[in-house]
Amino acid sequence: GLNLDEIQGDILVGMKKNKELFFFFEITDVAAFKSKLGTDIHDRITPTAKMLDVATQPVTAVNIAFSHSGLTALGVNVDDLLDTNFQMGQLEDAPTLGDPGTGNWVSAFVEQKVHGVFLLASDTQSNIDDELKSIQTALGGSITELHRLQGAARPGDQQGHEHFGYMDGVSQPAIEGFLDPEAGQFVAKPGAILLGEDGDGNMATRPSWTKSGSFLAFRQLKQRVPEFNKFVADNALSVPGLSKQENIDLFGARTVGRWKSGAPIDLSPLRDDPVLGNDHTRNNNFTFDHPELSGFDVNTNQTLCPFSAHIAKIRPRAFLSVTLNVAHIMRAGIPYGPEVTDAEAAAQTSSDDPALERGLAFVAYQSSLANGFTFLQRSWANNANFPKSNVGVDPIIGSTNSGPPGDAQRTITGLDPTNFQKPIVVNEDFVVSRGGEYFFSPPISALINPLSQ
Ligand code: N7H
């Protein structure tokens, strides 16, 4: 079985708190840092075992992860980790991720001095502030803060929804032998997410101390919400029998593949169904194919779900003739930034005012970045010919190096259920990469040995 005392708490179950801080640091005094890492810091790190039961969850859950340069600074032979993307770092990877340059990147990620990140999760901001202060006191001058991103669940009935308004975290792989899958849930081997477990392609050659660790892909993804809402309204469909607002909402749902409640459009094609959206036994129980509908051809029929919908690009199910049970990631992101202001909503456009930046603090765990996050972004989301030819890039996260406007790959088809060929041009980015870094979330005992040796 899995060693739940070794696996950091965010990896398999997510820390799932109202507030989460990402605190990026540089190690400026290696010896002093090491002397605390195996003691004070080690003792604060929250394992999966403690996250599983509310009774054992700490007031503030703490995880830590290191970049390639961070492990190098600690004197670990990082080539042994056998992950090319991790070794390169995310900056080098920006072109293959489709980022149009790094002009929008947070400077700390461009400067490549980020050695590590603390993830602090709690119900309240003051708990997080207290825990951070206590960590900083313990570490003294051995680290320097380079960047922080404060995540927060959205308020009221938007809790659990990302900033465009859609329920997040609905479809995650079930890890074989860990938690029982719900109907329709993908089952992944533990080694798809964890190093050194069954299903990790490099299991035989990894250093033993990395077992139960995972690579963490972090991305600060700014979301231009008023612009997205305007795009959705401007492209309102004209499906007979639906009101104007319903035709707007349907267009939005078809870009994602789910309604705002989380209900899959494959099961509820014309209107949202919040009961379905909230029902874990049903909201992943679909494949895009419908043998029960006579004459339905999954290779051509986009009446229910477009080939280009975000969840179809990133998990095509029966839209591929061969079902690929690959490229699993465990997502553990959280929204950041303020709600849309009345002024922004009224203008239906934002000034791109830095004070109003909002988005998704995107976190994905996997045992191989090249089979996980980078593969999904590059080979599926950014590929205009996936899962079928000429569907266009992912309307939510698809990105090509050239950027908008005037890029043919940004012509999306399938979004109109009455005319699959109708081209919809996405001439601006609604999700803007502000960069990020690749990290390794080590097993907890490794904080003592080898990382603090
Ligand atoms: Fe996506 N969104 O709100 O539109 N995502 N995503 N994502 N995403 C999913 O199942 C969103 C991003 C995946 O198995 C849902 O949780 C936004 C990146 C995967 O069916 C919604 C951003 C990558 C799935 C969103 C963003 C992924 C998934 C449906 C950026 C990886 C599961 C609810 C700001 C490269 C697919 C759910 C499946 C689902 C949204 C980014 C991957 C609503 C706003 C960068 C694997």
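Two residues are in contact if their C-beta atoms, placed from the backbone, lie within 7 Å. The model used in these exercises is predicted.

**Exercise 1.** List the contacts of Y365, leaving out residues up to four places away in sequence.

*Solution.* Start with the core. The largest nonpolar core has 113 residues, and Y365 is among the three that touch the most other members. The other two are V117 and I193. Now apply the cut-off. Y365 touches I11, I193, S214, F215 and L216. The list continues with I329, M330, A332 and S441.

**Exercise 2.** Decide whether strand β3 (residues 116-122) is enclosed, and explain why.

*Solution.* Count first. Seven of the seven residues of β3 are buried, so the strand is largely enclosed by the rest of the structure. Next, split the strand by face. In a regular strand the side chains alternate between the two faces of the sheet. One side of β3 holds G116, F118, L120 and S122; the other holds V117, L119 and A121. Both faces are covered.

Then find the pairing strands. β1 (residues 19-27) pairs with β3 in the antiparallel sense over seven bridges. Here F25 stands opposite G116. β2 (residues 60-66) also runs antiparallel to β3, joined by seven bridges. In this pairing, T60 has S122 as its bridge partner.

**Exercise 3.** Describe the shell around the ligand by residue class and by element.

*Solution.* The shell has 27 residues, with Y166, V170, S171, R315 and L360 the closest. Sort by class: 17 are nonpolar, six polar and four charged. Sort by element: β7 (214-223), α12 (310-314), β10 (359-366) and α14 (373-381) each supply at least two residues. The largest share, four residues, comes from α14.

Key:
Residues numbered from 1 in each chain as written. Predicted model: local features only at pLDDT ≥ 70, side-chain atom pairs only at ≥ 80, totals over all residues. Near = placed C-beta within 6 Å. Nonpolar A, V, L, I, M, F, W, Y, C, P; charged D, E, K, R; others polar. Core = buried A, V, L, I, M, F, W, Y, C linked by C-beta atoms within 7 Å. Buried ≥ 20, exposed ≤ 12 C-beta atoms within 10 Å, placed from the backbone. Pairing = 2+ DSSP bridges.
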